[in-house]
Each structure stands twice: as structure tokens, then as C-alpha cells.
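Thanks for coming, everyone. I'd like to walk you through one structure this morning, so please have a look at it while I talk.

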Amino acid sequence: MGEIFVVVEHREEEIREITFQMLWKANELAQALSHSLTAVLLCDNGEAFVPEIGDRADRVILVEDESLKNFSAERYKEILKGLIEEYNPFLTLMGHTPWGMEFAPALSIKTGLPLATDCVDILIEDGNPKVIRQIYNGKLFSKVSFKASEGYLITQRPGAFPTDKVGDRQGELIKKEIPADIPEPRKQFVEFVDTAAGEMDISQAEFLVSVGRGVGEEENIKVVQDLVDTLGGVISCSRPVVDKNWLPKFHQVGTSGKTVKPKVYLALGISGAFQHVAGISGAGTVIAVNKDKKAPIFRVADYGVVDDLFKVVEALKKKLSA
Ligand SMILES: Cc1cc2nc3c(=O)[nH]c(=O)nc-3n(C[C@H](O)[C@H](O)[C@H](O)COP(=O)(O)OP(=O)(O)OC[C@H]3O[C@@H](n4cnc5c(N)ncnc54)[C@H](O)[C@@H]3O)c2cc1C
């Protein structure tokens, strides 16, 4: 029986959501291939993490060492190379996150295994893996096959799959020592600095009105803010709005901003790039207003209005004041 590896991500004593998303997909693949599912956990305190992932995998390989408290791409690359050589997993899933982006290419070079990055789906066709990736800024999907190999490395895009627990697995714990000859990393972890939460934490808001570059200019933020105040919501935004200094960073939604889970998310003038949409996968009802009917945001929206956002904002204000 073959094996699927999932490399666990954790930060500040918490398992990251991408880990659960990878375990969700790996469960489906393991069932389709009749393979076993192994979570690979490198950390300083396994007891804190194993219970959370143990029932989502058949095995948890735990490498526990003080030096693994914080992420080190160099250490991960060395340790994972050893584990891949020992267990020969058919697939190794890693997050397409700052972690995965840093060590996956080096791991591919070290192991000689092919790597596909930023995958939004993984399929099995005739026993071989194929991956789905987005091209042309999310406008098209491409199906990619690998050169034949004994094992394959894949980085999975955050938000591509649910975080729910599926399957009924009893993770057997296998403890491994950190290799004695692992080279001292050239980079050292200094400190973890989170983005400021600001006066309102958008990740806790129940109703978000989010503005994108389509708002046009800084003065127009005020027009939207008036509506937000009337509706009793919180304003959030896409990255260009922060880059232009129209709103502070703590309002930003997306992979390099906050992950949000409001009951209602109203997106005004946001195209729906994957880095943005990844941040709203936990949102309840998504309503999008965009003057381009082909904007990708409509793929994730429950309701869509193809129109000028200012017309919609004015109509809403009028309705609310009537
Ligand atoms: C490493 C990395 C990390 C990133 N992280 C993030 C992130 O965390 N969050 C994030 O948002 N982005 C992030 N990005 C940027 C992302 O790729 C997109 O560039 C960004 O999300 C686009 O923002 P936008 O939709 O506001 O702007 P655009 O893509 O320019 O879209 C503007 C939209 O407004 C519409 N529009 C224009 N005028 C109007 C009008 N009057 N009425 C209605 N609609 C109108 C247009 O049709 C268009 O669809 C990241 C990029 C990289 C490379």
C-alpha cells in the first residue's frame, strides 16, 4: 500500500488552516488510491498538536526538537528529504504558503521528485496524479501532468478545500529523532510580528463591506464608509487599496491580509483574484458588485450585481433612508 504525506503547518502554537485543508484533500486521494495517510509534524511540542490531527491521519510522524519551535526552510528540507527517502510517499502535500514556497522547490531539487506548485485541485487519472492550476491571473484553469516518477511533490493553494474533518482514522504516532548531521541553518528566526488588529478586528466582524481598486480614488472610500455606518457593518478592502494608502493594512482581506468569516460579505469593485478570495472562503453569503460581468469574483458570489458600484451604493442609501 502506498502512502500520502501531508506536511503540517503550525505557527504560534496553533495548527494552520491549510493543514486541515490538505488533510481533507489527502483523505479523498487516499481513499481513491487505497493509500494510507501520514501527517508529518516537525515541532518542539508534539503533545500540543497531535490530538488535533491524529484522527485525520493513519499515522503521525513526529520529529520533536527545540530547534523546530519556529519554521526553518533549511531544517524542513533536510528532515523531509530523509523521511521521503525512508517512506517513499506517492504524494507529498505542502501548503502554497510562505512556508511551502520557501522549502518545496529546494526539496524537489534535493529528492529529484517533480513538483507542481499552487494547485487548486489534485486528480488521479489512470493511477497518475494530475493537478489543476490557474493561469492568466485566474481567468483559465490548466490541467497539468507530471513526468513519470516514484513520488510527486505538490503545494496546495490555501482556501482550495474545506477544513472539515472527514474519514475515520486513528493516527498511530511514530516518533523520529532529528538527524544528528543536519547542517546549522544560515537563517535564524528572530521574532513573529503579526499585522496590527486595528480598532476593529475584521476577522471577527459579522458583516463586511469590502472595497477594491474599483472604488477609484481615496475620496470615494468616504462614500462607502457612509453606507457601512448606516448598515452597521465594518469596512474591509483588497490589497491595492492598502498599497495606495487609502485604508490601513488591518482592513486587508486575503492571503497577505486577514482571513475573514462574516455572515455577509459585500464586495464592491473587487475583481476576485485568488489571493483575495482565499481570505473569504469561510464567509456566509457573498454579494459582489462589479461592472465587469466576467470578473472572477462572480464565481464565488452567491448574488451578483453587474453595475457601477456607486449606483448600487446610492440606491442602497436611498432605500435605507426611505
Ligand atoms: C504574494 C501576493 C499576495 C497578495 N495578497 C493579497 C491579499 O491578501 N489580498 C488581496 O486583495 N490581494 C492580494 N494580492 C493582490 C491580488 O493578486 C490582486 O492584485 C488584488 O486582489 C486585486 O485587487 P482588486 O480586485 O481591488 O483590484 P483589480 O483586480 O484591479 O479589480 C478592480 C475591479 O473593480 C471593477 N470596477 C472598476 N470600477 C468599478 C466601478 N465603478 N463599479 C464596479 N466595479 C468596478 C473592475 O471591473 C475590476 O474587476 C496579492 C498578490 C500577491 C502577488
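I'll go through the cores, then a few individual residues, the cysteines and a pocket. One thing to keep in mind is that this is a predicted model.

Let's begin with the inside. The largest nonpolar core has 32 residues, and the members that touch the most others are L41, I53 and I154. Quite a few elements feed into this core. From the strands, at least two residues each come from strand 1 (3-7), strand 4 (36-43), strand 5 (59-64), strand 6 (91-95), strand 7 (115-125) and strand 10 (152-156). From the helices, helix 1 (17-33) and helix 2 (46-54) also supply at least two each. Which element gives the most to this core? That is helix 1, with 8 residues.

If you'd like one residue to click on here, try I53. Setting aside residues up to four places away in sequence, I53 touches V8, I15, T19, F20, L23, A39, L41 and V60. You will recognise L41 there, which was named with I53 among the members touching the most others.

There is also a second, separate core of 25 residues, and V7, V40, L42 and I178 are included in it.

Now for Q156, which sits in strand 10. Is Q156 buried or exposed? Its relative accessible area is 0%, so Q156 is buried. And what does Q156 contact, leaving aside neighbours within four places in sequence? The list is I18, Q21, M22, K25, L93, M94, G95, H96, C119, I122 and F161.

One of those contacts, I18, takes us to our next stop, T97. You'll find T97 in the loop between strand 6 and helix 4 (98-111). Although T97 is a loop residue, its relative accessibility is 7%, so T97 counts as buried. Beyond residues up to four places away in sequence, T97 touches E9, I18 and P158. T97 and I18 are 79 residues apart in sequence, yet their C-alpha atoms are 8.4 Å apart in space.

Compare that with K77 and Q156. Those two are also 79 residues apart in sequence, but here the C-alpha to C-alpha separation is 17 Å. K77 belongs to helix 3 (residues 73-87). Its relative accessibility is 16%, and the cut-off for buried is under 20%, so K77 counts as buried. Apart from neighbours within four places in sequence, K77 is in contact with A106, L107 and K110.

A quick word on the backbone. Two residues other than glycine have a positive phi: E13, near 70 degrees, and D118, near 55 degrees. Where are they? E13 is in the loop between strand 2 (10-11) and strand 3 (14-15), while D118 lies in strand 7. As for the surface, E13 has 51% relative accessibility and the cut-off for exposed is over 50%, so E13 counts as exposed. D118 is buried, with a relative accessible area of 12%.

On to the cysteines. How many disulfides are counted in this model? The count is 0. As a reminder, a disulfide is a covalent bond between the sulfur atoms of two cysteines. Two cysteines to find in the viewer are C43 and C237. C43 counts as buried, because its relative accessibility is 0%, and C237 is buried for a matching reason, with a relative accessibility of 0%.

C237 also turns up in the surroundings of H276, a residue in helix 7. H276 has a relative accessible area of 5%, so H276 is buried. Not counting residues up to four places away in sequence, H276 touches S210, C237, S238, V253, G254, Y265 and I270.

I270 leads us to the last stop, the second largest pocket. This pocket has a volume of about 680 Å³. Its lining is made of 32 residues, and those nearest its centre are G269, I270, S271, G272 and A273. Which elements give two or more residues to that lining? They are helix 6 (239-243), helix 7 (274-277), strand 15 (285-290) and helix 9 (309-321). By class, the lining has 9 nonpolar, 14 polar and 9 charged residues.

That's the tour. Thanks for listening, and I'm happy to take questions.

Note on methods:
Residues are numbered from 1 along each chain as its sequence is written. This is a predicted model: local features need pLDDT of at least 70, side-chain atom pairs count only at pLDDT 80 or more; totals for chains, interfaces and linings use all residues. Side-chain values use heavy atoms; hydrogens and water are left out. A nonpolar core is a set of buried Ala, Val, Leu, Ile, Met, Phe, Trp, Tyr and Cys residues joined through side-chain atoms within 4.5 Å. Buried means under 20% relative accessible area, exposed over 50%, partly exposed in between (1.4 Å probe, protein chains only). Helices (H or I, at least four residues) and strands (E, at least two) are DSSP runs, numbered from the N terminus. Contact means heavy atoms within 4.5 Å. A disulfide is a pair of cysteine sulfur atoms within 2.5 Å. On a 1 Å grid over the protein atoms alone, a cavity is a set of points where a 1.4 Å probe fits but cannot get out, and a pocket is an open set with protein on both sides within 12 Å along at least five of seven lines; lining residues have an atom within 4 Å of a point. Grid points are joined across faces, edges and corners, and a volume is the space filled by probe spheres set on the points. Ala, Val, Leu, Ile, Met, Phe, Trp, Tyr, Cys and Pro count as nonpolar, Asp, Glu, Lys and Arg as charged, and the others, Gly among them, as polar.
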